[in-house]
Structures are given as C-alpha cells and as structure tokens.
Amino acid sequence: MSLPTAATNSKDEDEIPPPERPPSPPLHTTFAARGLHAPTFSAFRPRDIRFSSQQAMTHIAWSCDGKKLGAVGIDKIARVWQPEKSMEPRSATTFPGGHIDDVDYIAWNPTHPELFCTSSQKDRRIVFWDGRQSRHVQQIQLKLAPVQLNYSPDGKTILYTTTTKVLGVLTFGREGEEAKDSWRVADMTGVRDSSPPHENTPPNTSTMQKPMVASTATFNHAGDGIVLTHQSEHTIRILDYPDLAIVHNTPAHVGGCMAAALDPRGRYLASGGNDSIVNLFDLSDWICARTITACDNAINALSFSHDGEFIAIASAGNYIDICAVETGMPLHRVPALGPSPTVSWHPSKHVIAYCGQTKIREGGPPPVAWISLFGPGM
C-alpha cells in the first residue's frame, strides 16, 4: 500500500482535549465479560491525504464490498479510490461531466459495488454512475437543492432531503412501454406531514398541502420504514414506508437532531444533536438505552461498525470519537485535520474514513481539502 502524502498533523494544530470519562459501566456489558477483544485503537495513527484545493471534501463513503472509497467536494467531480492499492490523489478514478457545479454528497448502491450516485446543491442534480464507465448513466434535475441521499436496502428507492428541509423520493423501474428501467422522482402529492410547522413552511399552508419535512432520512434494514430527523425538532420521527404514516415520535435532543444511524444488528438507533449528545435507542421498545456524553461539540454524523460494537462520532471538533456501543464508554479520540462533516466505517473492517478542510489560520497557509483513514492496516 502506498504511503500517504502526509502522515501526521502539523505541530501547530489545536491541542485536542481528551474525552470526559463517564462512570464505569455494568460488568456484564464489557468486552471482557462478553468474550470480545476490541482493537487497541490508541495504537493506530490517522493516515491523512491532502489535496491542493481551497474547497473542502464534503462527503465520503465506502462501496458495499468495501473495496472502493468515494469522495466528493472539489473540482465538480467524484473521485473513487481502491484503498488496498493506493490512496494517492493521482491514483483516484475521476468521474467528471455529470455536474456543472460543486458536488456535495455521494451514496453507494447497497446491492452493487460499482453503482453510486452523487448530488449537488448548486446545480440541483442527482447523477447516477457505474464505476466501470466514465460517463454518467443518468441525470435527474430537481426543483429543490438536494443535501443528503439514502438508498433503500434493495437499491431501488432513494430518499433525499433538500436545503429547504423537504423530503423527496426517487424510484427505479420502468413506466408504460419504456425499454429499460430508470430513476424518476416519485409523486409526493397528498403526502401528509403531521409534524409541527417550521419556519420554512409558507403561511396559510394546509396540513394536506404541507410537504414532508426532514433534515436527514434513513431507511430501516427491512426497507419498510424510515427515520427522519430535523435540525429544528427535538424528536425523531419513525414512519412506515411507503405510506409514510408516523409510527413513533421519540424525544431525543434539546437543540435539534442533526444525525441518525442504525445499528447493523438491528438493536439500536443512534441520534446526535446540537446539544453534543448521542442517544442510543433500543429498537424493541424505543426507550433510550444509554447516552454518550463524551463529545464537546455539536454532532455532524454517526456511523456504526460492521459488527455493531463501535460507533464513530463526527462533530464540530477537530477529532472523531470512537465509543463502545454496549457501554457508551469512549475508547479513543482520533485527531483530525479539521472538523469533519461525515464519518463512515468500512463495511467489514474496523477502519473509518472521514474528510473535511483544514482550518483558516491568520498568517498561515491557505486551507486545503483532506481525507483521512484510521484503523488496522492503514
């Protein structure tokens, strides 16, 4: 594996405070009591790759088989690496031409390791790609700017949210006598949102006309339900799919809910908020099983490891927190070159990927984009 362009943080990086350690958890929940051997995360160092661009890397994601890593944010293109071979910037396969402005988000199809899509808030497009060809497969032009994308487990539906916090749906199939399957925007007319009104809702809008609002949208593992969060709501909404009827409306955060993630084992739903707290809800009864208070800043993103034993937390701080799911105990604070808007566990290894932009410092060099990998073998 090739060496990174830069392996360590510069000496002038802000000192990273250690996380506060909560009281000791019950003995039966510890790794030792359950016969598990956790990786010694403190023995690893981040592998940092810098890019000579003053734009930020805004999102990063693994393919479903973990052999490819995609990132977007600079040069209006998507980049895909094969980390087992090289993470040098020039070794990336680039996918240009689908967008005419900055690309913000990337999502991989969960059923095929070569298929992915990207979105841009500025050109309001969602573009579909096949990694085996350089030209895009399909473009969809939206009326509203997309922010976040989430595939259904079967790869045939995509939930997206917009800058105006409106939920949209794309479906894959064919209509009428079309020759082949393609993606299209689902008709959301008549969908009722029974949540409290938001500042984005126009005045005198009836309940039946009000669009479904959300900051993030995530399918459950069966594909028959979705989890919605809103940065101005203190609750998490759980809806049936496709009828979008509310099943649960669970209080979660004081200052709005910013992120959510589902445990791959199907035990927990994690939520992160502006209050710097991460809650773990037991999916059997929707009661908060434990709260992680190790973070010092507003939460940006959450990701569970493939075995469900660890959760990685990206926040407004210059670090990624790794905590034990069954105890809530902080295990390691991974230094970062700046705040990361996202974090993603490898689908079969204890390795995380995250990205962002270095801080602007008075009298210092201009900010640069970066991608970091952390874990065994990196």
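Strands E8 (residues 125-130) and E9 run antiparallel and are held together by four bridges. That pair is a handy way into this predicted model, whose chain has zero helices and 28 strands. Below is a quick tour: the E8/E9 pair, two open sheets, one histidine in a loop, and then the chain as a whole.

**The E8/E9 pair**

- Within this pairing, Val127 sits opposite Gln139 of E9.
- Strand E9 covers residues 138-141, and its two faces have opposite surroundings: Gln138 and Ile140 are on the covered face, while Gln139 and Gln141 are on the uncovered one.
- That split fits a familiar pattern, since side chains in a regular strand alternate between the two faces of the sheet.
- So Gln139 turns up twice here, as the residue opposite Val127 and as part of the uncovered face of E9.

**The E1-E28-E27-E26 sheet**

- Four strands make up this open sheet, with antiparallel pairing and the order E1-E28-E27-E26.
- Its edges are strand E1 (47-51) and strand E26 (343-345); each has a single partner strand, so one side of each has no neighbour in the sheet.
- On average, and ignoring direction, neighbouring strands of this sheet are turned by 15° against each other.
- At the E1 edge, five bridges link E1 with strand E28 (residues 369-374) in the antiparallel sense.
- Looking for a specific bridge in E28? Phe51 has Ala369 as its bridge partner there.

**The E14-E15-E16-E17 sheet**

- This is another open sheet of four antiparallel strands, ordered E14-E15-E16-E17.
- Strand E14 (216-219) and E17 are the edge strands, and each of them pairs on one side only.
- Neighbouring strands in this sheet are turned by 20° against each other on average, again with direction ignored.
- E14 and strand E15 (residues 225-229) run antiparallel and are joined by four bridges.
- In that pairing, Phe219 stands opposite Ile226 of E15.

**His253, just past E17**

- Follow the chain out of strand E17 (246-251) and you get to His253, which lies in the loop leading to strand E18 (257-262).
- Although His253 is in a loop, this residue is buried: its relative accessible area is 3%, and the cut-off for buried is under 20%.
- Its side chain makes a polar contact of 2.8 Å with the side chain of Ser271.
- The His253 side chain also has a polar contact of 3.1 Å with that of Asp275.
- Leaving out residues up to four places away in sequence, His253 touches His234, Ser271, Gly272, Gly273, Asp275, Ile277 and Asn279.

**The chain as a whole**

- Of the 378 residues in the chain, 53% are buried.
- Among contacts with a separation of 6 or more, 48% are between residues 24 or more positions apart.
- The exposed area of the chain is about 17,000 Å², with 51% of it supplied by carbon and sulfur atoms.

**How confident is the prediction, and where does confidence drop?**

- The chain has a mean pLDDT of 89, and 88% of its residues reach 70 or more.
- Over residues 1-13 the pLDDT is below 50, and in the model this stretch has 38 contacts beyond near neighbours in sequence.
- Residues 200-208 also stay under 50 in pLDDT; the model gives them nine contacts beyond four places in sequence.

Definitions and conventions
Residues numbered from 1 in each chain as written. Predicted model: local features only at pLDDT ≥ 70, side-chain atom pairs only at ≥ 80, totals over all residues. Heavy atoms only, no water. Buried < 20%, exposed > 50% of the residue type's maximum accessible area, 1.4 Å probe, protein only. Polar contact = N/O pair within 3.5 Å; in protein donor to acceptor, adjacent residues only side chain to side chain. Contact = heavy atoms within 4.5 Å. Areas by Shrake-Rupley, 256 points an atom, 1.4 Å probe, with all protein chains shown as cover. Pairing = 2+ DSSP bridges. Axes fitted to C-alpha atoms, helices over the stretch in contact; angles between N-to-C directions. pLDDT = per-residue confidence, 0-100.
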